Amino acid sequence: MTIVLSTPGLAAADEASNGQDTTYYISVGDSLATGYQPDVDKDTDVAYTDQLYAQLKQRTPGLKHIRLGCTAETTESLINGGKCDYPNAKSQLDAALQAMAQHRGKVAYVTLSVGANDILQACVSPAGTLDVACLNSTSQTMAKNLAQIAGALRKAGGNDTQFVGSTYYNPFLAAWLQGAAGQQAAKESAPLVKAANTGITQVYKSTGFKVADVAGAFSSDDFTTQVNVPGAGEVPANVAKICQLTWACTKQDPHPNAEGHKVIASTFAAQLAKNDTPGEDTSPTPTPSEPATHEPGKDTEPNNPTTNGDLAETGASSSTPVVAGAGLAVVAVGTAAVYFARRRRASEES
């Protein structure tokens, strides 16, 4: 099924009607940016991008949202296209750059979350095993692509444009609930995810992006603090957070739930509230999220993401892993970690 998104930026009349006060927030990324929810099996307006937009608009009344995210996007497809179609643009990056050119001097914010699908779609076998050689090679390509994406966006922005990219929480931690083998797998996943996030952070900072420490907001490395989780007993804080903020422990799906997206939005908002130089090494100070203007989990009309933040039905094909950033689950087989991505089928055309 071909997914078609409306061309961003065709808002000259809208801009004229709002005068010189109109500014824009452009969100770019994968299913983390589109708010995919497994309970309804589609993208929703619970996305952190929508919740962040609601917060930003409170202090910038003329702000409009150009929502470009595409479920199952990789760094390669974001550059070259292939997952979602953008009329008059070859790819999501091309669409973003066109929007930034059309609204030059009026783009206030750009957010980006993309990367882990590269590894899942290339290096995870049908049996669920991870090809380490492929992982090493793909990670290098991913970093190169991410630098190209972030660099192009940064170059297209104005002096007042704020850019923020995200690290990823660790959904592998849900394996903790599977017993001793799962707990070992969860522990072994932590340094891998941390290393990946270190690389992502370095790329963002080198290209002038600030960094939303989503991994930190999800307490991804905290195995020390113990928290009581109903039905599971005492578990590490990072495991409790994954169960609380994602579907990993209830539907074996790694996507963040409404509460998780709220935390992610708050983490981005903390960086966008800073007035320092983009990319400066600062620690995020999470702030309470304001309620979103959208009802969490509520579906809207499909397709046509425009400057008011409407949704796009950006589902993946039946053979494409659907993930949010580092959306994997991890189980243990003997002493080896086995990785697998949840697959879903696109809704059949009636």
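In strand β5, K210 is the residue that V164 of β4 stands opposite. On another strand, T111 is the bridge partner of that same V164. This is a predicted model, and V164 makes a handy starting point for finding your way around it.

**Strand β4 and its neighbours**

- Strand β4 covers residues 162–166, and five of its five residues are buried, so β4 is largely enclosed by the rest of the structure.
- Which way do the side residues of β4 point? Q162, V164 and S166 point one way, while F163 and G165 point the other way.
- Both of these groups are buried.
- β4 runs parallel to β3, and four bridges join the two.
- β4 also runs parallel to β5 (residues 210–212), this time with three bridges joining them.
- To trace the path from β4 to β5, look for helix α8 (residues 180–206): β4, α8 and β5 make a right-handed β-α-β unit.

**Helix α3**

- Helix α3 spans residues 48–59, which gives it 12 residues.
- From its first C-alpha to its last, α3 reaches 17 Å, close to the 16 Å expected at 1.5 Å a residue.
- Why is α3 described as largely enclosed by the rest of the structure? Nine of its 12 residues are buried, so that description fits.
- The buried residues are Y48, T49, D50, Q51, L52, Y53, A54, Q55 and L56.
- These buried residues pack against several elements, including β1 (23–29), β2 (63–67) and β3 (107–113).
- Two helices also take part in this packing, α2 (31–34) and α11 (258–272).

**The nonpolar core**

- In soluble globular proteins, nonpolar side chains tend to be buried together.
- Here, the largest nonpolar core has 65 residues.
- Which residues have the most contacts inside this core? They are I26, L112 and L153.
- Take L153 as an example: leaving aside its neighbours within four places in sequence, L153 is in contact with L93, A96, L97, M100, V110, L112, F163 and F209.
- F163 in that list is also one of the buried residues of β4.

**The protein as a whole**

- The secondary structure comes to 11 helices and nine strands.
- The protein has 350 residues, of which 53% count as buried.
- Among contacts with a separation of 6 or more, 72% are between residues 24 or more positions apart.
- About 14,500 Å² of the protein is exposed, and carbon and sulfur atoms supply 50% of that area.

Methods
Residues are numbered from 1 along each chain as its sequence is written. This is a predicted model: local features need pLDDT of at least 70, side-chain atom pairs count only at pLDDT 80 or more; totals for chains, interfaces and linings use all residues. Side-chain values use heavy atoms; hydrogens and water are left out. The expected span of a helix is 1.5 Å times one less than its number of residues. Buried means under 20% relative accessible area, exposed over 50%, partly exposed in between (1.4 Å probe, protein chains only). Contact means heavy atoms within 4.5 Å. Two strands pair if DSSP finds at least two bridges between them. A crossover is right-handed if, with the strands pointing away from the viewer, the path from the first strand over the helix to the second runs clockwise. Accessible areas come from the Shrake-Rupley method with a 1.4 Å probe; for residues, only the protein chains shown count as cover. A nonpolar core is a set of buried Ala, Val, Leu, Ile, Met, Phe, Trp, Tyr and Cys residues joined through side-chain atoms within 4.5 Å.
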